[in-house]
Amino acid sequence: MQAVREWLKQARNVAALTGAGVSAESGVPTFRGNNGLWKQRRPEELATPGAFARDPKLVWEWYNWRRGVLAEVKPNPGHYALAELEQRLSAFTLITQNVDGLHLRAGSRNVLQVHGSIWNLRCLICEQERVDRRTPLPEIPPTCECGGMLRPGGVWFGEALPRDIWREAEAAARSADLFLVIGTSAVVYPAAGLAQIAKASGARVVEINIEETAISNGIDSFLQGPSGKLLPQLIA
Ligand code: OAD
């Protein structure tokens with residue numbers, strides 16, 4: 001911890017990649033843990049374009065449930081510590097795989113939501129995106145003014161990440177001298193590849209997680225523990 005604090009003090013350009021673990025202490029279910037969402041359901045049944053084409057109502061029921069959970073939760077000390085870190089540094093980019101919006105609610109500003117937002121809906125016909133925070137949505141599947149069916153706006157398996165946001169994320173990983181990887185199993189690409197990009201570009205890579213992950217070998221430091229506890233300690 002002490003060494004990482006020093007690296008943080010020396011760093012001019014810091015980026016962080018977060019995953020579901022950073023929201024776990026807020027009460028948001030992760031995907032791959034013991035009680036993870038993908039223990040009960042396979043991603044192919046719920047989070048692919050094929051799944052939506054087959055059964056949009058089932059997919060929307062699942063999203064309605066998740067949106068309901070997220071409407072009740074609050075950012076935790078880990079989210080707040082990252083927002084505070086941004087205030088203190090001249091260059092800080094927060095790249096998140098999370099669709100829950102909790103980093104923004106905690107006050108982080110330079111946030112790249114590489115998997116989109118669960119609060120966005122997109123029309124299959126006119127492709128317009130809108131924010132809709134109602135929980136539950138009054139009708140599912142919801143419809144657009146143009147008559148088209150609305151889909152959840154986030155990125156599904158098998159889909160490309162939003163191009164401009166992804167470019168910014170890659171650039172942030174390339175220019176960082178310290179790269180933090182927090183609360184992600186680091187198995188979903190391309191997001192997981194950002195740690196390698198940062199490392200190959202000369203950054204120190206530090207991971208914070210309750211357990212080792214796919215990228216724990218070959219990084220500069222692994223801090224084991226809950227991010228809601230370790231992040232406030234790191235910036236203290
Ligand atoms: P995962 O569920 O795969 O991984 C969560 C990680 O958080 C695990 O490595 C846990 O050990 C760790 N963790 C749990 N509680 C923690 C805590 N309190 N503090 C720190 N770490 C903790 O979630 P992601 O890596 O975010 O994509 O999953 C990546 C993507 O797969 C998601 O964005 C989603 C999913 O399918 C899409 O839906 C496209």
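**Figure 1. Surroundings of His 115 in the predicted model.** The backbone oxygen of Gln 97 lies 3.4 Å from a polar atom of the His 115 side chain. The structure shown here and in the following views is a predicted model. His 115 belongs to the loop that runs between strand 3 (111–113) and strand 4 (120–123). With a relative accessibility of 15%, His 115 counts as buried, because buried denotes a relative accessible area under 20%. When residues up to four places away in sequence are set aside, His 115 touches Thr 96, Gln 97 and Val 99, together with Gly 154, Val 155, Leu 161, Val 188 and Ala 191. Gln 97 therefore appears both among these contacts and as the residue whose backbone oxygen lies 3.4 Å from the polar side-chain atom of His 115.

**Figure 2. Interface of domain 1 and domain 2.** The domain assignment gives domain 1 as residues 1–28, 75–115 and 161–236, and domain 2 as residues 29–72 and 119–153. Eleven residues, written 11 in the count, come from domain 1 and eight residues from domain 2 to make the contact. Between the C-alpha centres of domain 1 and domain 2 the distance is 26 Å. About 750 Å² is buried between the two domains, and carbon and sulfur atoms give 62% of this area. On the side of domain 1, Ala 20, Val 28 and Val 99 lose the most area to domain 2, and together they account for 50% of what that side buries. The residues of domain 1 that touch domain 2 comprise six nonpolar, three polar and two charged residues. Two residue pairs are in polar contact between domain 1 and domain 2, both at pLDDT 80 or more, whereas zero salt bridges are found across this interface.

**Figure 3. Contacts of Ala 203.** Ala 203 is found in the loop between helix 10 (193–200) and strand 8 (204–209). Its relative accessibility is 3%, so Ala 203 counts as buried. Apart from neighbours within four places in sequence, Ala 203 is in contact with Ala 176, Asp 177, Leu 178 and Phe 179, as well as with Ala 198 and Asp 220. The C-alpha atom of Ala 203 is separated by 9.7 Å from that of Ala 15, a residue 188 residues apart from Ala 203 along the chain.

**Figure 4. Buried residues of helix 11.** Helix 11 spans residues 227–235, and its buried residues are Ser 227, Gly 228, Leu 230, Leu 231, Leu 234 and Ile 235. These buried residues pack against helix 1 (2–10), helix 2 (21–24) and helix 7 (77–88). They also pack against strand 7 (178–182), strand 8 and strand 9 (221–224).

**Figure 5. Selected salt bridges.** The structure holds 12 salt bridges, including that between the side chains of Arg 122 and Glu 129, with an N to O distance of 3.4 Å. Arg 122 is partly exposed at a relative accessible area of 22%, and Glu 129 is likewise partly exposed at 41% relative accessibility. Elsewhere, salt bridges that share partners join Arg 41, Arg 42, Glu 44 and Glu 45 into one network. Within this network, Arg 42 forms a salt bridge with Glu 44, the closest N and O atoms being 3.1 Å apart. Arg 42 also forms a salt bridge with Glu 45, for which the closest N and O atoms are 3.6 Å apart. Glu 44 counts as partly exposed at 39% relative accessibility, and Glu 45 is partly exposed with a relative accessible area of 29%.

Note on methods:
Residues are numbered from 1 along each chain as its sequence is written. This is a predicted model: local features need pLDDT of at least 70, side-chain atom pairs count only at pLDDT 80 or more; totals for chains, interfaces and linings use all residues. Side-chain values use heavy atoms; hydrogens and water are left out. Helices (H or I, at least four residues) and strands (E, at least two) are DSSP runs, numbered from the N terminus. Buried means under 20% relative accessible area, exposed over 50%, partly exposed in between (1.4 Å probe, protein chains only). A polar contact is a pair of N or O atoms within 3.5 Å; within protein, one must be able to donate a hydrogen and the other to accept it, and residues adjacent in sequence count only if both atoms are side-chain atoms. Contact means heavy atoms within 4.5 Å. Domain bounds come from an automatic or database domain assignment. Buried area is the accessible area (1.4 Å probe) that two parts lose on being put together, summed over both. A salt bridge is a side-chain nitrogen of Lys or Arg within 4 Å of a carboxyl oxygen of Asp or Glu. Ala, Val, Leu, Ile, Met, Phe, Trp, Tyr, Cys and Pro count as nonpolar, Asp, Glu, Lys and Arg as charged, and the others, Gly among them, as polar.
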